[in-house]
Amino acid sequence: MGNKKIEICSLITGLVFILSGGLKAFDASSFDQVIATYGFEPVRFLSPVIILLEITLGLLLLFRIYEKALAIAGAVMVSIFTLVYLYGWVCLDVQDCGCFGQVSILNSSPTIVLIRNGALLFLLGMIGKNGDNRLDSNLWVSLIIFVFIGLSAFVTGYTYNEGQESRFSGDLVRVPLHDSRLSRFVECSVDSTYVIFAFSYTCPHCLNSIANLKEYEAFGVADRVMGLALGDSSQYQSFVEAFNPGFTIRNHSEELFQLTDSYPKAYYIKNDTILVELSGELPCALVLKRYLEQIGAGG
């Protein structure tokens, strides 16, 4: 096959891999969630690595560096992605492949995904059969690749860590309130349930939790909601005007760091015992109630 046709194939496949990895890099934590959706929870931490592998593979194919070997590696990657997608589609009713991050118009329907992956495998097969295995680059090409991968790694790491900080998670602890550091800040009735919310007035993840937090009493998640805020009275006044919280808030200064240095942090208390510690942005009342029931803390 002519060199020009292989060059075009390398250009197309390289751009596809760069676009796929680049769009996922702008919201790496969402790709992390996609991996979990397919049932691969233990390896979701590999999401940044997969993103950077796609971008690196795309750049090397774009500049035709070891294109024959890399085309084979790309075909293996696309085949694995396709098999995983088929599993998710058939067994888990997953419709959105997440191949291009949150740009749903590019992820498209299952039929389009399979046709697209089939075409990509065909192009990679042609490169693998007729391409070259040479290191044909110069200083400028090497510099472009190095800078692009470095920027991609920065963006991927930033969006991944940002998502980890905001993600809701819970730990079943079962610690008597009087034996915990929280006892220095609150007193609770033995026959009531509480959600104690430690937060900062300047934390965006904390502020994103307020609307859901306001639902908890009405929905029956807890008998009472209380806030422990890192801030002063002026910040409290601005907060009340903006959110009209409807639950008690006690302001604290640096002493709140004796309780936690990670915000937002919530504590579910029942029978004078801290049953669950909740980290990250709080979910809606229905989701939290189901979660508490699932781990044996609700009801």
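Q: Does N212 count as buried or exposed?
A: This is a predicted model, in which local features need pLDDT of at least 70, side-chain atom pairs count only at pLDDT 80 or more, and totals for chains, interfaces and linings use all residues. Residues are numbered from 1 along each chain as its sequence is written, and side-chain values use heavy atoms, without hydrogens and water. Buried means under 20% relative accessible area, exposed over 50% and partly exposed in between (1.4 Å probe, protein chains only). N212 has a relative accessibility of 19%, so it counts as buried.

Q: Which residues does N212 contact, leaving aside neighbours within four places in sequence?
A: N212 is found in helix α8 (helices, H or I, of at least four residues and strands, E, of at least two are DSSP runs numbered from the N terminus). Contact means heavy atoms within 4.5 Å. With neighbours within four places left aside, N212 is in contact with L282, P283 and C284.

Q: Which element gives the most to the largest nonpolar core?
A: A nonpolar core is a set of buried Ala, Val, Leu, Ile, Met, Phe, Trp, Tyr and Cys residues joined through side-chain atoms within 4.5 Å. The largest one has 44 residues, and L182, V186, V195, I196, L213 and Y216 touch the most other members. Elements supplying at least two residues each include α8 (204-213), β3 (224-230) and α11 (285-294). With six residues, the element that gives the most is β2.

Q: Which residues does I196 touch, not counting those up to four places away in sequence?
A: I196 belongs to the largest nonpolar core. Beyond four places in sequence, I196 touches L182, V186, M226, L228, K265, A266, Y267 and I269.
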